[in-house]
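Reader: Please give me a close look at a single part of this model, a charged pair and its surroundings. State the cut-offs as you go.

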Amino acid sequence: MKDGFIKCAVASAHVKVADSLFNTQTILLLMRQAEQEQVRLLVLPELVTSAYTCADLFLQQTLQTGCLEAVAAIVEASKECELLLVFGSALVVEGNLYNCAVVVHKGSILGVVPKQHLPNYQEFYEKRWFCTPEDRNREITLLGQTTWFGTRLLFQNSEVPEFVMACEVCEDLWVPDSPSIGYALAGATVITNCSASDELVGKQEYRRSLVASQSAKLVCAYLYSDAGQGESSTDLVFTPHNLIYENGVQLGEQYGVTDALLITEIDVQKLALERIRMQTFKSDRSAYKAISFSWKVAACTLTRFIDKAPFVPSDETNRSERCEKILMLQALGLKQRLAHTQTKSVVVGLSGGLDSTLALLVCVRAFDMLGLGRSGIVAVTMPGFGTTKRTKGNAVQLAKALGVELRTISIAKAVAQHFKDIGHDPEVLDVTYENSQARERTQVLMDLANKLNALVVGTGDLSELALGWATYNGDHMSMYGVNASVPKTLVRHLVKHVAAQSDPALRKVLLDIVATPVSPELLPANSDGTIKQVTEDIVGPYELHDFFLYYAIRWGFSPAKVHRLAVLAFAGEYEQSFILAWLKTFYRRFFSQQFKRSCLPDGPKIGSLALSPRGDWRMSSDAACTIWMQELEAL
């Protein structure tokens, strides 16, 4: 339950048609299994106490009594459980028979939610037996308990207030005006569905798409439990299909499996934070009744997948499609800027590193889209005190392979003169030594762009902007920054993607650039000519910082929660203390370097996170990170 994580499960119970005694034992067994697994929310199928396919037997008093006795046995068994249980049962309420979702916790019937939309078409004829409920709530007496019955019930946990659950029953999901829409607007972050969906060709895919889209549209967790083995095959076939989605992302799927729990953890805190960000979940909640219940606070062991590279799809096909889409978006942004300014030339500082390589590749795409000759792309390599043969050689080979103009302008003499002008000792390899080179390179690019009536295309990426790893008014500045919302972990894959599609000469140089350590090359090289200044040795591994960036900034998680997730995601790769040290660095740098992000050049947003002040992120440069660091110090 810590950090908003709730362990939940769905299952398809093995049933016998109209045998409420057998079905009760199946349900109790699943309850015991869930309790042993420390599950806090368990969802079972529609009409599970009797089976869905009882037909006119639903009108028999014996079956109605059997369902009620099943509910009584389940309520009794729940007294010793922390489990919040949602299951389907036929119930007679005030003289009418309803198809219900029953919510039980620790011996109490918290509420009964009747199915609102009764299908009465094709193979369905539920209105033959069940009554359509009134759209309201009322108190009833059930099994000697006073409880709530109605279509507008919410179930909220006292210890985790972000957990607000509501119930749909099967068809309620399939209709245009699903009750879950109103529930979500009234505050429900978790929607459960007790279902009995018969199996047809193509229905599995459609069912999955329904649950996925509903959870995404409503920014909720959606738990779907389907009927399965034991249902009548008189005229239908049922194959269990259980689903758990969170904001459009599948956390678990189970198909063709009966009497087994599909377990994962939903993050209701994440859902609540996203809704706060969106500000579209506003509704009059007065028509809804919120029913509170309490859970014993306990640690929740996370089993859900935590992606250590959240910006990079793990599947090769998806990754390739994502890379192609990003390259297209970057090129389209630059294409529009060039067309609007009627500019037919660009200037790019080409270092032989990843970022400038990606920027140049984007320029080539944009020029090809516009039908402009690549001779209008001027790549400038500017060797300085730390430039190595490897990076310079790669820059030259890359420009040649792409057919762009290459200019080599050494900055060594200009920077040496600048050191004399400002009285700096060139033997002192401090920040002045480094930044003077970065600013000289930017001056060269800007002035050359003026001379050629061109735009300077920036190369800095999202990860560098987050950490402030850029020289203010040096490589920090350009006329259009094509990489501004591309994280470093993704830059590498974008270059590899282009390499895979290229001729042998271009592929060779691109793959060597990918294999080159990331470096600003502002300090003299090692005696053997290799790169001395490796960025990740100074600011930390980019795979960690991109992970921090995603969860801390995109989702707004607390430092402690980000740390917890990082420890799980990078288990076996980094020690916990190592992760914590770099997380502290991330927060310190992110707060202190906001002034650089406040005056960024334009650049296209290509993903769910951008740090441009005109895009996702607005922050005071004077903001203090005291309480964030305080939380980290307590770990």
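Author: A salt bridge is taken here as a side-chain nitrogen of Lys or Arg within 4 Å of a carboxyl oxygen of Asp or Glu. The model is predicted: local features need pLDDT of at least 70, side-chain atom pairs count only at pLDDT 80 or more, and totals for chains, interfaces and linings use all residues. Residues are numbered from 1 along each chain as its sequence is written, and side-chain values use heavy atoms, without hydrogens and water.

The pair is Lys488 and Asp461, whose side chains form a salt bridge with an N to O distance of 2.8 Å. Lys488 belongs to helix H13 and Asp461 to the loop between S19 and H12, so parts of the chain that are 27 residues apart in sequence are tied together by this pair. (Helices, H or I with at least four residues, and strands, E with at least two, are DSSP runs numbered from the N terminus.) Lys488 is buried, with a relative accessible area of 4%; Asp461 is also buried, at 0%. (Buried means under 20%, exposed over 50% and partly exposed in between, with a 1.4 Å probe and protein chains only.) The pair does not stand alone: Asp355, Asp461, Glu464 and Lys488 are joined into one network by salt bridges that share partners.

The loop that holds Asp461 also holds Thr459, and helix H12 at its far end spans 462-467. Thr459 counts as buried because its relative accessibility is 19%. Beyond its neighbours within four places in sequence, Thr459 is in contact (heavy atoms within 4.5 Å) with Val348, Gly349, Asp355, Ser356, Ala359 and Asn483. Asp355 thus appears both in this contact list and in the salt-bridge network.

On the other side of the loop is S19, part of an open sheet of five strands in the order S18-S17-S16-S19-S20, with parallel pairing. The edges are strand S18 (405-408) and strand S20 (480-481), each of which pairs on one side only. S19 (residues 455-458) pairs with S16 (residues 346-349) in the parallel sense over two bridges, where pairing requires at least two DSSP bridges between the strands. In that pairing Leu455 of S19 stands opposite Val346. Val348 and Gly349, which Thr459 contacts, fall within the residue range of S16.

H12 and H13 also meet another helix. The buried residues of H16 pack against both of them, and also against helix H6 (268-278), helix H15 (535-539), helix H17 (559-569) and helix H18 (576-592). H16 covers residues 542-554, and twelve of its 13 residues are buried. Among the buried residues are Tyr542, His545, Asp546, Phe548 and Arg554. H16 is followed by Gly556, whose phi is positive, near 75°.

Two further salt bridges can be set beside the Lys488 pair. Glu246 and Lys270 meet at 3.9 Å, N to O. Glu246 is in strand S12 (residues 241-246) and Lys270 in helix H6, so this pair ties together parts 24 residues apart in sequence. Glu246 is buried at 3% relative accessible area, and Lys270 is buried at 14%. Arg365 and Glu324 meet at 2.8 Å, N to O. Arg365 lies in helix H8 (residues 354-370) and Glu324 in helix H7, so the parts joined are 41 residues apart in sequence. Arg365 is partly exposed at 21% relative accessibility, as is Glu324, with a relative accessible area of 30%. The structure holds 28 salt bridges.
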